[in-house]
Amino acid sequence: MSENPRDDHRISAQCPACQLHELVPVTLARQADGSWQQVDDTGNFVTRALGRLRPSGSGPQDTGGATVQIDVCPVCMGAWFDHGELDVLSGDLDDVEQVLAPDQAPAQRPCPRGHGRLVEQMLPGIIRTPVDRCQRCGGIWLDGHERRKLARATTSEGQGTKTERWLKRGAIWAAQVLTHLPVEVDNPARGTPWVVYSVLTTLFAVFLLQIYGPVDTYQWAMVPGRLRAEGDWWTLGTNIALHASWVHILGNAYFLYVFGDNVEHLFGHLRFLAFYLLAGLVGATAQALLTTKTAMPVMGASGCIAGVLGAYLWAFPRQRLFQVILWIQVKVPMWIYLFVWVAFHLVMGFFGTGAGAEGVAWFAHLGGFVVGLGITPLVLAWRRREVARRVRVPARLPPDALVAMPPTTSA
Ligand SMILES: [Zn+2]
Ligand SMILES: [Zn+2]
């Protein structure tokens, strides 16, 4: 990103794994208990709350002076460790070179420092998937889900290997590093989600106008039978700004707030806005055409938000969200969110409109969700090309790119 000649050592590379983002530098500092945690620019440890990270404490903590800067992909959470960085993180326990298996195979991914293709090597003992390593600079790439899986494996059975001394050392080394590494780090590159904020503001303003003001809810809602008879097609657009109750709008606002900012960051503001509106319009149209409950007024941003959920599933399939429930921090897998989303609309159907489960505009939700699943791969392909253009090292190498493969060493 930066063309400043002073930071020539700065990596400017597309994420070699998901290709959806350039790598961003993240600073880790050693905590009092020996584990590593992300710090922000002012030296504050960053802690998680309500799905995002925010600085904790009032002033810089004592980090013992030990900090390491790694390069992380904010989308897939994969991380690049320059030569020696993993060793610093593991303490002075071992040198990663000594625990890597000697066998190597060429990988598809390039070194973010521009040295051509990485090679796959095993970190034996506990790790079943190979890590990607650059033979020129000695850097190592770890996938986000690998880091997560390894951290689990090393804590449960990692110490169990016994036969060969270097296998055991490998296990201890990996356990040391991986259990102390923060598995997920903040996305320092995330900008302000202006579209999400604007949409939220609009939704609440319109809802207040519905309650206290001149907006006639029934007139602007989409009534399938009326639309078919009178052709008031504009209600396909107006209904997505309306809501039926406080529970309805608060539920939708919550889901948009949690998922929308990540998707907006990935899509870009205007593309996200167009996508959001398209999901709502397609959803409302599907409801208008397909429902048999033609007298039921349809309203709400649920179709739009179903689209955002579909996009999120494509873009962050392995992501789990941090939530604070009664002061306890838990990681919530995506499928629980989908379940809660459906349950929320069932409850809305039963108690929100008094019309039973038929009160849910299922076709509108389904339509929005299909838009999310269908359009997102195209947007992501677009995004990958954009990222490739603005970095020094794109993730797809030309066919004649250098393959760094010096002779293999023996154990
Ligand atoms: Zn990535
Ligand atoms: Zn390299």
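Along the chain, the donors of the zinc ion (ligand 2) are spaced as C-x3-H-x18-C-x2-C. Here, donors are N, O and S atoms within 2.8 Å of the metal (3.2 Å for Na, K and Ca), and since water is not among the atoms, sites may look incomplete. Before going on, please note that this is a predicted model, in which local features need pLDDT of at least 70 and side-chain atom pairs count only at pLDDT 80 or more, while totals for chains, interfaces and linings use all residues. Residues are numbered from 1 along each chain as its sequence is written, chains are lettered from A and ligands numbered from 1 in the order in which they are written, and side-chain values use heavy atoms, without hydrogens and water.

**The zinc site**

The protein donors are Cys-111 (SG), His-115 (ND1), Cys-134 (SG) and Cys-137 (SG), and they lie 2.0 to 2.3 Å from the zinc ion (ligand 2). The site is tetrahedral, with angles of 103 to 113° among its 4 donor atoms; the term asks that all angles of four donors lie between 85 and 135 degrees. For four tetrahedral donors, the ideal angle at a metal is 109.5 degrees. Cys-111 sits in the loop between β7 (104–110) and β8 (117–121), and Cys-134, 23 residues apart from it, in the loop between β9 (131–133) and β10 (140–142). Strands are DSSP runs of E with at least two residues, and helices runs of H or I with at least four, numbered from the N terminus. Both cysteines, Cys-111 and Cys-134, are buried, that is, under 20% relative accessible area (exposed is over 50%, partly exposed in between; 1.4 Å probe, protein chains only).

**The sheet**

These strands belong to an open sheet of 8 strands in the order β2-β1-β5-β6-β10-β9-β8-β7, paired antiparallel. Its edge strands, β2 (36–39) and β7, each pair on one side only. Pairing takes at least two DSSP bridges between two strands. Between β8 and β9, which run antiparallel, there are 3 bridges, and Glu-120 has Asp-132 in β9 as its bridge partner.

**Two buried residues**

| Residue | Place | Relative accessibility |
|---|---|---|
| Gln-19 | segment before β1 (24–30) | 13% |
| Thr-291 | loop between α10 (269–290) and α11 (302–315) | 8% |

Gln-19 has a positive phi, near 65°, in a residue other than glycine. As for Thr-291, a polar atom of its side chain lies 3.0 Å from the backbone nitrogen of Lys-293. Leaving aside neighbours within four places in sequence, Thr-291 is in contact (heavy atoms within 4.5 Å) with Pro-224, Arg-228, Ala-286 and Phe-363.

Conventions
A polar contact is a pair of N or O atoms within 3.5 Å; within protein, one must be able to donate a hydrogen and the other to accept it, and residues adjacent in sequence count only if both atoms are side-chain atoms. Four donors count as tetrahedral if all angles lie between 85 and 135 degrees; four count as square planar and six as octahedral if opposite donors are over 155 degrees apart and all others between 65 and 115; anything else is irregular.
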